[in-house]
Amino acid sequence: MITSVDIKSMSVSECRAFFASLGEPAFRADQTLEWLYRARLSSYASMTNLPIRLRQLLAEATPIRPSEAIAKVRSTDGTRKYLVGLADGNAVETVLMPHDYGLSLCVSSQVGCAMGCSFCASGIGGLVRSLECSEMIDQILAVSNDVGNERVSSVVMMGSGEPLANYENVLKFIKLINWDRGFGIGYRHITVSTCGILPGIRKLSGEGLPITLSVSLHAPDDDTRTAIMKINRTYPVKELVNACSEYAEITGRRVTYEYSLISGVNDSSDHAAMLAALIRGTLCHVNLIRLNPVAETGLERSSADAAERFGKILRTSGIETTIRREMGADIDAACGQLRRRWLREGGSLGSDCDHTV
Ligand code: SAH
């Protein structure tokens with residue numbers, strides 16, 4: 001089981017305090033974390049600059065749980081989706097996307113999700129539980145072990161779960177992966193995506209971290225948004241956009257609005273014009289993506305033409321907009337689809353899946 005002395009759930013300062021409790025100086029903690037996250041060793045025995053006595057002590061006091069991908073699917077476009085096994089028998093998805101600027105990893109923050117957005121596969125079975133920091137770290141390690149020398153250089157918290165509903169663990173994870181002697185992932189290369197939990201956004205504004213905030217907007221008005229995202233009943237869209245503008249003002253960082261185009265639901269010219277009016281003049285960027293259809297939801301993706309038309313209206317209104325390339329469409333790209341298949345098929349995933357990773 002995951003315990004409070006799981007080394008991968010310790011911040012750097014918590015780890016130094018833990019080492020102090022063992023009578024060890026802080027630099028030993030730093031050396032150990034460097035082995036874990038920079039050299040990606042999975043056993044203390046090979047941490048050759050630590051005294052042998054300390055290696056043995058650590059193996060007993062805080063054993064390193066293996067970071068295990070239990071299945072892998074590879075898309076024709078290079079995207080790789082992994083199912084990472086957790087100690088309690090659950091599993092979460094993580095998706096590796098090769099870009100020309102490096103490897104980007106889409107990390108899950110929870111098993112399942114409580115938010116219940118109508119188009120999303122992650123929320124279909126509800127929330128199982130939040131992930132520990134170590135279980136987010138394990139997603140990076142499991143993938144890194146698979147890809148060898150190439151380094152994960154950016155992280156997006158866009159896997160299953162709502163990161164701001166697991167705030168403390170997500171923040172600890174972000175700070176830990178930024179640590180320059182470990183993974184060394186720059187804050188500017190870390191994105192937190194939220195369905196719009198206002199208190200979390202406000203809290204994040206005060207952290208002083210130059211990370212990117214991405215907000216899943218998906219509709220410009222309360223009627224449309226409430227119909228597809230129940231969080232909108234608690235935090236209506238205008239208040240959400242105001243909180244995002246504040247975030248941008250406080251941090252100087254441009255907010256990204258995610259907008260998944262669903263045929264006949266949120267993709268009309270009127271929706272585009274309303275969206276433009278809502279966010280015009282704020283420091284932001286819109287990412288349009290055509291919905292990845294999830295069989296259970298009955299919702300369909302907009303046509304490529306509808307996406308072009310929508311994007312054009314935004315751009316004409318002076319709003320920076322990109323139409324996102326759909327990656328991994330052939331491997332159940334939408335959040336939570338691979339885990340659902342795994343649950344449905346009783347822990348096996350058919351012949352297109354590599355179980356031997
Ligand atoms: N809970 C967070 C992060 C996880 S979802 C959030 O809501 O932002 C990552 C992104 O994928 C979100 O923008 C989400 O709305 C979107 N998404 C979920 N299911 C999708 C689907 N079937 N097609 C397209 N985008 C989807």
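Which ligand atom does a backbone N or O atom of F119 lie 3.1 Å from? Select F119 and the ligand together, and the partner of that backbone atom turns out to be a nitrogen atom of the ligand, a polar contact in the sense of a pair of N or O atoms within 3.5 Å.

Before going on, note that this is a predicted model, in which local features need pLDDT of at least 70 and side-chain atom pairs count only at pLDDT 80 or more, while totals for chains, interfaces and linings use all residues. Residues are numbered from 1 along each chain as its sequence is written, and side-chain values use heavy atoms, with hydrogens and water left out.

Next, select S193, where a polar side-chain atom lies 2.6 Å from an oxygen atom of the ligand, and then H218, where a polar side-chain atom lies 2.5 Å from an oxygen atom of the ligand. Taken alone, the ligand exposes 540 Å², of which the protein buries 93% (accessible areas by the Shrake-Rupley method with a 1.4 Å probe).

Now widen the selection to the shell of 20 residues that surround the ligand, the closest being G161, S193, S216, H218 and N292 (a residue is near if one of its heavy atoms lies within 4 Å). This shell divides into 10 nonpolar, 8 polar and 2 charged residues, with Gly counted among the polar ones.

Finally, move to helix α4, residues 133–147, which reaches 22 Å from its first C-alpha to its last. Colour α4 by accessibility, and 13 of its 15 residues are buried, meaning under 20% relative accessible area with a 1.4 Å probe and protein chains only. Stop at G148, which follows α4 and has a positive phi, near 80°.

Key. Polar contact = N/O pair within 3.5 Å; in protein donor to acceptor, adjacent residues only side chain to side chain. Helix = DSSP H or I, 4+ residues; strand = E, 2+ residues; numbered from the N terminus. Expected span 1.5 Å × (residues − 1). Buried < 20%, exposed > 50% of the residue type's maximum accessible area, 1.4 Å probe, protein only.
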